[in-house]
Number of protein chains: 2
Amino acid sequence: MHFTSEKRLEDGVLEREFTLGEVPGILWTPESAAPVPLILMGHPGGLGRMHPRLVARALSCTAEGYAAVTIELPGAGDRPRLAVVDEARADLQRALKAGEPVTDDIVDRLVLPLVEKAVPEWQATLDALLALPGIGGPVGFSGGVIAIATRLAVVEPRVDAAVLFAGSYVPRGILEEARQVTTPLLVLLQWDDEGNDRQQALDLFDAFGSKEKTLHANLGGHTGVPRFEGDDASRFFARHLK
Amino acid sequence: MHFTSEKRLEDGVLEREFTLGEVPGILWTPESAAPVPLILMGHPGGLGRMHPRLVARALSCTAEGYAAVTIELPGAGDRPRLAVVDEARADLQRALKAGEPVTDDIVDRLVLPLVEKAVPEWQATLDALLALPGIGGPVGFSGGVIAIATRLAVVEPRVDAAVLFAGSYVPRGILEEARQVTTPLLVLLQWDDEGNDRQQALDLFDAFGSKEKTLHANLGGHTGVPRFEGDDASRFFARHLK
């Protein structure tokens with residue numbers, strides 16, 4: 001892990017850009033004498049474009065005494081494109097425009113390569129961060145591509161709680177893997193998400209093997225998650241990470 | 001409205017039993033110089049049996065600065081039985097034991113007479129309470145038979161927000177009426193409620209016409225609502241009643 005820039009934000013929060021191998025990321029840490037718990041923040045890809053929203057989310061984490069980290073999604077932002085995903089995205093757009101069903105094949109080609117690449121990258125990020133003196137545990141995961149978060153929760157015992165956003169396509173195989181998840185979950189669903197299948201989201205919630213799982217569904221489209229859900233997520237993490 | 005008993009509870013909260021016509025009820029009021037908002041507390045019937053749980057709910061209302069009131073359900077507790085409802089309940093038990101489907105006819109006979117009788121009783125209770133000097137508004141509704149709460153939200157503009165428990169049968173007609181509801185809603189659903197149809201609960205949530213509606217679904221059976229949902233309900237009311 002190489003830190004490439006450092007900036008002081010409000011309340012003494014330190015924002016540091018880094019690279020871990022070929023993966024760029026950003027770490028936010030609050031001022032703290034003792035090691036702090038960590039929240040891994042997922043996003044839809046494009047660190048540059050997402051930066052203002054990521055900073056806002058990070059500052060609400062640091063205000064609660066967590067460090068927050070995010071890494072670039074495979075094939076997004078300044079990272080090399082993933083041809084297979086770009087092709088699948090084109091096929092998805094064609095299907096949506098033609099009013100045709102989005103096939104399992106398209107969803108698999110669109111999402112699985114991201115899962116395969118991103119999950120070990122998150123794990124390497126965890127290895128590197130938990131080796132830093134200021135960062136302890138427990139660890140939460142929040143948002144981003146739900147298929148990535150699901151696989152990570154299956155393979156990574158260091159994730160202690162996750163807030164998932166049911167706002168992207170889920171390959172059938174991931175729906176099956178969800179049964180192995182035992183991490184406490186808060187799942188957010190936008191009831192009228194134009195780019196998401198509500199029934200599939202409910203099936204995914206049903207599939208998770210976790211003993212504590214809560215679904216928060218709100219009226220509105222993909223980007224309309226109400227502000228009060230941020231507070232609810234913060235209280236969910238407080239119950240599990242403090 | 002005749003007060004029939006009066007008792008001082010913790011923190012100066014006043015518990016008063018009353019009758020309004022033939023309907024018995026209980027009112028809890030916090031110490032307050034100014035008129036307080038009011039929460040109508042629904043329950044499954046049987047004020048005596050429910051009393052300990054009702055007191056606990058009422059005290060969490062008064063702690064937030066609300067008055068709380070509940071009235072006995074038609075046909076329950078010390079009120080005269082409703083033969084048609086008792087018959088429907090027997091038919092329901094027979095159907096469940098035999099593993100037969102619960103027909104719309106049974107649900108209508110079980111629930112609609114309660115709705116028809118209880119809704120004007122809640123309205124009369126509101127009339128009487130809002131005429132008391134210590135009770136102002138706004139007004140919230142919380143829990144109880146969801147079909148009663150739905151009809152009340154349709155016909156009673158003085159209800160400003162409602163926390164509904166999707167834990168009882170819903171007649172088809174009420175599902176249609178739900179489209180006319182515009183009150184902000186928080187709907188609680190127990191994902192594995194043995195005596196409830198999950199899909200019907202999701203259909204009801206979908207049907208509500210309210211612009212702000214949130215569903216909180218949790219793993220577990222009918223009586224397993226997690227304690228943190230009480231805090232969430234309290235924050236929901238704080239957003240809408242304060």
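Two residues are taken to be in contact if their C-beta atoms, placed from the backbone, lie within 7 Å. The model is a predicted one, so local features need pLDDT of at least 70 and side-chain atom pairs count only at pLDDT 80 or more, while totals for chains, interfaces and linings use all residues. Residues are numbered from 1 along each chain as its sequence is written, and chains are lettered from A, with ligands numbered from 1, in the order in which they are written.

With that in hand, the core is a good place to start. Leu164(B) touches Ile146(B), Ala149(B), Leu185(B), Val187(B) and Leu188(B), once residues up to four places away in sequence are set aside. Leu164(B) and Leu164(A) are the residues with the most contacts inside the largest nonpolar core, which has 144 residues. Here a nonpolar core is a set of buried Ala, Val, Leu, Ile, Met, Phe, Trp, Tyr and Cys residues joined through C-beta atoms within 7 Å. As for burial, a residue is buried if 20 or more other C-beta atoms lie within 10 Å of its own, exposed if 12 or fewer, and partly exposed in between, with C-beta atoms placed from the backbone.

Next comes the way the two chains meet. In this contact, 12 residues of chain B go with 12 residues of chain A. On the chain B side, the elements that give two or more residues are β9 (213-218) and α7 (228-241), and the largest share, six residues, comes from β9(B). (Helices, H or I with at least four residues, and strands, E with at least two, are DSSP runs numbered from the N terminus.) By type, that side of chain B splits into four nonpolar, three polar and five charged residues. For this tally Ala, Val, Leu, Ile, Met, Phe, Trp, Tyr, Cys and Pro count as nonpolar, Asp, Glu, Lys and Arg as charged, and the others, Gly among them, as polar.

The β9 strands also pair across the chains: β9 of chain A (residues 213-218) and β9(B) run antiparallel over five bridges. Pairing means that DSSP finds at least two bridges between the two strands. In this pairing His216(A) sits opposite His216(B).

The symmetry can be put in numbers. Chain B can be laid on chain A by a turn of 180° and a shift of 0.0 Å along the axis, with an RMSD of 0.0 Å; the superposition is by least squares on the C-alpha atoms of residues with pLDDT of at least 70 in both copies. The two copies are therefore related as by a two-fold rotation axis. In chain B, the C-alpha nearest that axis belongs to His216(B), 2.4 Å away. Both copies use the same surface, with 100% of the contact residues of chain B recurring in chain A.

Helix α7 (residues 228-241) of chain A holds Glu229(A). Glu229(A) counts as partly exposed because 18 other C-beta atoms lie within 10 Å. Neighbours within four places in sequence aside, Glu229(A) is in contact with Leu188(A), His216(A) and Asn218(A). Gly48(A) is 181 residues from Glu229(A) in sequence, and the two are 24 Å apart in space, C-alpha to C-alpha.

At the start of chain A, two hairpins follow one another. β1(A) and β2(A) pair in the antiparallel sense over six bridges, with Arg8(A) matched to Leu14(A) in β2(A). Five residues lie between these two strands of the hairpin, and Asp11(A) in the turn has a positive phi of about 55°. Asp11(A) is a residue other than glycine, and it is exposed because it has 10 other C-beta atoms within 10 Å. Asp11(B) tells a matching story: phi is near 55°, the residue lies in the loop between β1 (2-8) and β2 (14-20) of chain B, and 10 C-beta neighbours inside 10 Å make Asp11(B) exposed.

In the other hairpin, β2(A) pairs with β3 (residues 23-29) of chain A, again antiparallel, over seven bridges. Leu20(A) has Val23(A) in β3(A) as its bridge partner. Two residues lie between these strands, and Gly21(A) in the turn has a positive phi of about 60°.

Finally, there are cis peptide bonds to look at. One runs from Gly137(A) to Pro138(A), with omega near -10°, and Pro138(A) is found in strand β6 (residues 135-143) of chain A. In chain B, a cis bond joins Gly137(B) and Pro138(B), with omega about -5°; Pro138(B) lies in β6 (residues 135-143) of that chain.
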